[in-house]
Amino acid sequence: MRWLYVIFLISCFFPYIQIVPLGTDSQPYGLAFGLVIIFLKRIRHLNKDLFLLFTVAVAAIICVLFSPLNFNSVRSVLNYTSLFVVSTASYLVLRDGKILKLSFFKKCVYVWLFVALIQQFVYRRFAVSLIPRLAIGTEASARGVCSLAPEPTFYAIICVLLSIICYLNFRQEKDYRRIQWLLLLQTVILSRSATIIMVGLMAFIVYELLYNMRQNARNILIVPLVLVSMFIVLQTILPYISQYRVGALFAKLFQDPLMFVTVDESVNERFIHAFFPIYGFFQDFGIPHFYGNFQEYMNEIHSCGDFNKYIPYLKGNYLRIMSGLGCLLFELGIFGLPLIYVIYRNFKILAQRNKWALFFGILLFGTLLNALPLSNALLGFVVGNIIYKSERKSQCLC
């Protein structure tokens, strides 16, 4: 089955490459090969974490009965089903032995880097035929390149997920730091995703806050020093990055932090998809809103008027929620909480031995607030990887 495992890994590590045009960004090949692996392994029982993911998939299927039956509702069900299938298959592949080797992982990182470098310095449309849609931009564009993803932000999200995989599996290897630096440079220099750069900075700030509080309450004094240092560094480099979108956004953030979410249409769009689905979850006490109802909900928010100054670019075509966590909590309500619990519980186990597990856990949750669909095969692999590693760690602690 080794060849099947390798094909499955490739489909996870390159989730946007299309073989047959399907009209979607994330391709279903991870789901397809994951189903084959689960069928061939003939597993008789799931561990409790995978079973919880199974309950999320079942809840997603039941929600169809209370939703309009159309392409978007079917796609939503596939989101949750794919997460369970790919996570389970990834867990089985990793449990079978050292299939995921450092040499294979490095090659995947280098492929993403190589394509991005070609797009940045040689030919902007390189590999365009491999991706369903590509936000290429122009040579003079303030946005970064996409590599093998549809948009620069999606490319940056892939780098974040690869960084988490690198931490989980290879932090004892001598090449670990070099790979992590390569992934960081791809995020900051090549993708130049303002969204993910800001998510990374916020994750680091929250990590410093929680870690120092956990160690000693007196260490909390370190956090203001970290914040001041970061502010000074950003203010120093701001003149040199102001021509890029990330620099312009940081400048606007410093000017008026409270109204930052209204600085332009793109920022406001991400705010709407990240904040209001979760606000709706709490507002309705975790009751599922099911599929296809986000537009109606946003119309109610707008007519209420309480948030109107924060949503000046409100649209009328919210067929999908472009936020992994937002989609989960808004559509499934409390029935989506098991996924959050699984990620939290397993990162908590990993953090008992290594403090950086706390940072990568916060980073993953921050990334899930953005346009990371749960059907993305690399996300499913990360979740399965987390479950596998924490299970091994628990066995070692016993």
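**View 1. Phenylalanine 290 is partly exposed, with a relative accessible area of 22%.** The model shown here and in the other views is predicted. Phenylalanine 290 counts as partly exposed because its value lies between the limits of 20% and 50%. Its ring partner, phenylalanine 66, is exposed, with a relative accessible area of 54%.

**View 2. Phenylalanine 66 and phenylalanine 290 form one of the 30 aromatic pairs that a search of the whole structure finds.** The two rings are stacked, at 5.1 Å centre to centre and with 20° between the planes. The pair links distant parts of the chain, 224 residues apart. Phenylalanine 66 belongs to the loop between α3 (48–63) and α4 (71–95), and phenylalanine 290 to the loop between α11 (265–283) and α12 (294–304).

**View 3. A cluster of rings, and a charge over one of its members.** Tyr167, Phe204, Tyr207, Trp356, Phe359 and Phe360 are linked into the cluster by ring pairs. Arginine 171 lies over the face of tyrosine 167, 4.6 Å from the ring centre.

**View 4. Arginine 42 and phenylalanine 39.** The charged end of arginine 42 sits over the phenylalanine 39 ring, at 5.1 Å from its centre.

**View 5. The largest nonpolar core has 113 residues.** Phe13, Phe276 and Leu364 touch the most other members. The helix that gives the most to this core is α6 (residues 152–170), with 15 residues. Not counting residues up to four places away in sequence, leucine 364 touches Leu161, Ile164, Ile343, Phe347, Leu379, Val382 and Ile386.

**View 6. A second, separate core has ten residues.** Among them are Ala194, Ile197, Leu249 and Val267.

Technical notes:
Residues are numbered from 1 along each chain as its sequence is written. This is a predicted model: local features need pLDDT of at least 70, side-chain atom pairs count only at pLDDT 80 or more; totals for chains, interfaces and linings use all residues. Side-chain values use heavy atoms; hydrogens and water are left out. Rings of Phe, Tyr and Trp (its six-membered ring) pair if their centres lie within 6.5 Å; planes under 30 degrees apart count as stacked, over 60 as edge-to-face and the rest as tilted. Helices (H or I, at least four residues) and strands (E, at least two) are DSSP runs, numbered from the N terminus. Buried means under 20% relative accessible area, exposed over 50%, partly exposed in between (1.4 Å probe, protein chains only). A charge sits over a ring if NZ of Lys or CZ of Arg is within 6 Å of the ring centre and within 35 degrees of the ring normal. A nonpolar core is a set of buried Ala, Val, Leu, Ile, Met, Phe, Trp, Tyr and Cys residues joined through side-chain atoms within 4.5 Å. Contact means heavy atoms within 4.5 Å.
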